[in-house]
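Please open the structure in your viewer and keep the selection tool at hand. The tour proceeds stop by stop, with a selection to make at each one.

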Amino acid sequence: MCGIIGYVGEKEALPILLDGLRRLEYRGYDSAGVAVAGKKGVKTARAIGKVAVLASRCERKTLSGMAGIGHTRWATHGKPATRNTHPHTDCTKSFFIAHNGIIENHEELRTELTKKRHIFKSETDSEIIAHLIEEEYRDAQNLEKAVQFALLRLRGTYGLAVMPNVLPGKIIAARMGAPIAIGLGEGENFVASDAVPLLPHTRTVLYLEDGEMAVVTAKGHAVRTLQNKLVTRGAEMIEWSADNTQKGGFPHFTLKEIREGPEVVRNTLRGRLIMENGLANLGGLQNITQSLHNAKRIIIVGCGTALHAARVGEYMIEEYAGIPVEVESASEFRYRKPVLDKETLVIAISQSGETADTLEAVREAKRKGTMTLGVTNAVGSSIARETDAGIYNHAGPEVSVLSTKAYISQLVVLVLLTMHLGRERQMSLSAGKRIAKELEELPKKIEKIFAQEKEIKKLAKKYAKYEHLLYLGRKYNFATAFEGALKVKEASYIHAEGCGAGEMKHGFIALIDKNFPTIAITPETSVYDKMLSNIQEIKARGGRVLAVATEGDRRIMRLADDALYIPKTLEMLSPILAVVPLQLFAYYLTLERRLDPDRPRNLAKSVTVE
Ligand code: F6R
C-alpha cells in the first residue's frame with residue numbers, strides 16, 4: 001500500500017525523496033507529497049497523481065534542506081485530493097507525518113481532539129496522528145515521549161515517519177503491522193516502507209518489528225519498544241541491486257519482469273538441485289528437519305497470485321509426497337477457527353512477505369503452536385522473519401504491480417519443496433532425477449515461448465475488443481486458468497473469469513456465445529482429452545477458443561480458432577510454462593486498450609492493510 005521515504009544527512013533531501021517516491025510508486029499512485037526541513041522550517045509540496053506531477057511542482061529553492069519525508073498514497077480514508085495527501089501536520093505545523101496503514105479508532109480520537117479545538121484539514125485517518133503528537137508534546141515537551149504516548153493511543157496498523165519542525169535533523173519511524181525499514185548509510189540514514197528506494201544509497205537495512213520506534217539522525221539510530229526497552233537487533237544486507245529496480249530499456253516493468261522468467265528460474269534453482277540423487281537442498285529448512293519429517297498435513301495460505309501458486313503446490317505435494325494438503329486464502333484462514341496441531345505445517349506464500357492477511361495467518365498458526373514455513377521473495381520481510389523456516393524465491397525485486405516473475409519462482413520453489421518432502425517419503429530416485437532434469441530445461445523452454453511474442457501481440461489485437469473472457473484449465477492448470485484471468489482483469493480491465501474445466505457445465509456454459517471467448521489451457525497432460533471435450537462443447541455453442549497447447553499438437557490446430565504453444569514438459573511443471581504466454585497476452589491486451597500495465601487503477605503492489 002502507501003509508500004514512505006525519509007532522509008536525514010548531509011545532502012539535499014528533495015532529490016533523494018523524489019527518487020525514492022518514484023521507486024515506491026508501485027505502492028500507490030493516487031497522490032504524492034514531500035516535507036523538507038530547511039533553515040526556515042518545514043516546507044511541503046503535494047500533488048494528485050503520479051510522482052512526476054509532484055516533481056514538476058517542487059521548487060528546489062523553497063524545498064531546500066537536509067532532512068525530509070515523502071509519501072505516495074493508495075487512498076483508504078478520503079478520496080485522492082490534495083488535502084488528503086501526506087505528509088499531514090498538526091495545528092501548529094510542528095510535526096509532519098507520513099503514514100501507511102489504517103487507524104481503526106480514528107473516529108473516536110478525532111472527536112476527542114476536535115473537542116480540544118484541533119482543526120482537521122483532511123478526511124484521512126492518518127492526520128489524527130499529527131494532532132495526537134501535538135497534544136502529547138504539550139505535556140511531555142519531549143519529542144520521543146510525545147510520539148511514544150501518541151502511538152500507544154492508536155488502534156490499527158501503521159508504518160510511520162514523523163518529522164518534527166521543533167527539532168530538525170531527526171526522523172522518528174515506528175511500526176505496527178505495516179513494514180518500516182531503516183537504511184543505514186555513512187553520515188546519512190533513511191527510513192522507508194520497504195528496501196527498494198534505499199538500494200541506490202545503501203544495502204544495510206534494519207527492519208523494525210511491531211511495537212518498535214526508531215529515532216533516526218544523520219549520525220545514527222536508536223530503536224526502542226513503545227514500552228521504552230532498548231532494542232539491539234543488528235542490520236541485514238540486502239542482495240538486490242538498484243539496477244534491478246530500473247526498467248533496463250523495457251517500456252514497462254511488467255514486460256521486463258515477464259522476460260526475466262528464464263533468469264528467475266535459474267536463480268531460484270541455483271545451488272539447490274542435487275541432480276544425481278534427484279534431491280533438492282533447501283538450506284532454510286534445516287531448523288525444522290525433524291518436524292517436516294513428521295508432518296502429516298499441510299495447509300498452504302496466500303492471497304491473489306500467491307494463492308494460485310499454492311493450488312499448484314497442493315497438487316504436486318499430494319501426488320509426489322503423499323501428504324494431505326489444503327489450500328486456503330489467508331484472509332479466510334485468519335478469521336475462521338482452523339483446526340491446527342503439531343503435525344500440521346502451515347506454508348505461507350507471499351512475494352512481498354508483508355501482505356497483512358498472510359502475515360496474520362502465520363501469526364494465527366504460531367499462536368496455535370503450529371510449525372510455519374514462509375515462501376517469500378523479500379529478504380528480511382515480516383513473513384520471512386516470523387516463520388519458523390523459509391525458502392526464498394530469489395526472483396529479485398518485483399516492481400510491476402502484476403505479479404509475474406514471482407509466480408514463476410513460487411512454482412519452482414514448490415517443486416523443490418515437493419522433491420524435498422517426496423524423496424524422503426514415496427518419490428523414487430528416478431522420479432526425483434527426472435524432475436530435476438526437467439527443471440533445468442525450463443529456462444530454455446521459456447525462451448522458446450518468447451519467440452512467439454509477435455503472434456501473441458497479434459492475438460491481443462484480435463481479442464482486445466471483447467469485454468469478457470473465460471479461462472479454462474484442469475488439474476495442474478486449474479490454477480493457471482485463474483492466474484491467467486487475474487492478470488487480464490488487473491491490467492486490461494477486461495472481465496475475465498477462471499474456471500475449472502470440469503465445472504464449466506455446472507453454470508459457466510450459460511455465458512458462452514460469440515462475444516465470450518474462452519482461453520483453454522490444453523497442454524498434453526493426463527487431462528488433455530477431457531479438455532478437448534470441453535473445447536468441443538464451447539465450439540458447439542458458437543464460442544471462440546484460443547488454446548494454449550503443446551508444440552506440434554495437430555488436433556488443437558483443427559479444433560481451436562487460435563493457438564499459442566508451449567514446449568513439452570512434465571505435467572507437474574506445465575503450469576510454469578503455460579502461464580508465460582498468458583502473462584504476455586495480458587500485457588499486450590493492456591497495451592491494445594491503451595492502458596498502463598505498470599499502474600493498474602485501484603491496485604497497489606503490497607497489500608499491507610486489510
Ligand atoms: C497479482 C498480484 C496480487 C498479489 C497478492 C499477494 O498480480 O500481484 O494478487 O499476488 O497481493 O501479494 P504477496 O505475494 O506479496 O503476498
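**First stop: the ligand.** Select S403 together with the ligand; a polar backbone atom of S403 is 2.9 Å from an oxygen atom of the ligand. Please bear in mind throughout that this is a predicted model. Add V401 to the selection, where a polar backbone atom lies 3.1 Å from an oxygen atom of the ligand. Next, display T355: here the contact is made by a polar side-chain atom, at 2.4 Å from an oxygen atom of the ligand. Which residues lie closest to the ligand? Of the 14 residues that surround the ligand, the closest are S350, Q351, S352, T355 and E490.

**Second stop: the largest cavity.** Keep S352 selected and add Y26, D194, W240 and A378. These five are the closest to the centre of the largest cavity, among the 22 residues that line it. The space inside the largest cavity is about 270 Å³. Now colour domain 1 (3-244) and domain 2 (248-449) separately; each of them contributes at least three residues to the lining of the largest cavity. By class, that lining consists of 12 nonpolar, 5 polar and 5 charged residues.

**Third stop: the second largest pocket.** Where does the second largest pocket lie with respect to the domains? It lies between domain 1 (3-244) and domain 2 (248-449), because both give residues to its lining. To find the centre of the second largest pocket, select R22, E25, K247, F253 and R599, which lie nearest to it among 19 lining residues. Then highlight helix α1 (residues 13-24), which provides the largest share of this lining, 3 residues. The lining of the second largest pocket comprises 9 charged, 6 nonpolar and 4 polar residues, and the pocket holds about 370 Å³ of space.

**Fourth stop: the largest pocket.** Select C303, G304, T305, K605 and V607, the residues nearest the centre of the largest pocket, which has 25 lining residues. Two or more lining residues come from each of α9 (305-321), β20 (344-350) and α16 (478-492). Among the contributors, α16 has the largest share, with 3 residues. Colour domain 2 (248-449) and domain 3 (453-592): the lining of the largest pocket takes at least three residues from each. How do the lining residues of the largest pocket divide by class? There are 11 polar, 10 nonpolar and 4 charged residues. The volume of the largest pocket is about 450 Å³.

**Fifth stop: the annotated SIS ranges.** Select residues 288-427 and then residues 459-600; an unreviewed UniProt entry annotates both ranges as "domain: SIS". In residues 288-427, helix accounts for 45% and strand for 20%, and the end C-alpha atoms lie 20 Å apart. In residues 459-600, helix accounts for 41% and strand for 20%, with the end C-alpha atoms 21 Å apart.

**Final stop: the second largest cavity.** How many cavities of 30 Å³ or more does a search of the whole structure find? The search finds 4. To view the second largest, select C2, W74, T76, H86 and G101, which lie nearest its centre among 15 lining residues. Strands β4 (67-73) and β6 (95-100) may be highlighted as well, since each supplies at least two residues of the lining of the second largest cavity. This lining contains 9 polar, 4 nonpolar and 2 charged residues, around a space of about 80 Å³.

Terms used. Residues are numbered from 1 along each chain as its sequence is written. This is a predicted model: local features need pLDDT of at least 70, side-chain atom pairs count only at pLDDT 80 or more; totals for chains, interfaces and linings use all residues. Side-chain values use heavy atoms; hydrogens and water are left out. UniProt positions are given in the numbering used here, feature names are shortened, and annotations may be inferred rather than shown by experiment. Helices (H or I, at least four residues) and strands (E, at least two) are DSSP runs, numbered from the N terminus. On a 1 Å grid over the protein atoms alone, a cavity is a set of points where a 1.4 Å probe fits but cannot get out, and a pocket is an open set with protein on both sides within 12 Å along at least five of seven lines; lining residues have an atom within 4 Å of a point. Grid points are joined across faces, edges and corners, and a volume is the space filled by probe spheres set on the points. Ala, Val, Leu, Ile, Met, Phe, Trp, Tyr, Cys and Pro count as nonpolar, Asp, Glu, Lys and Arg as charged, and the others, Gly among them, as polar. Domain bounds come from an automatic or database domain assignment. A residue is near a molecule or strand if one of its heavy atoms lies within 4 Å of it. A polar contact is a pair of N or O atoms within 3.5 Å; within protein, one must be able to donate a hydrogen and the other to accept it, and residues adjacent in sequence count only if both atoms are side-chain atoms.
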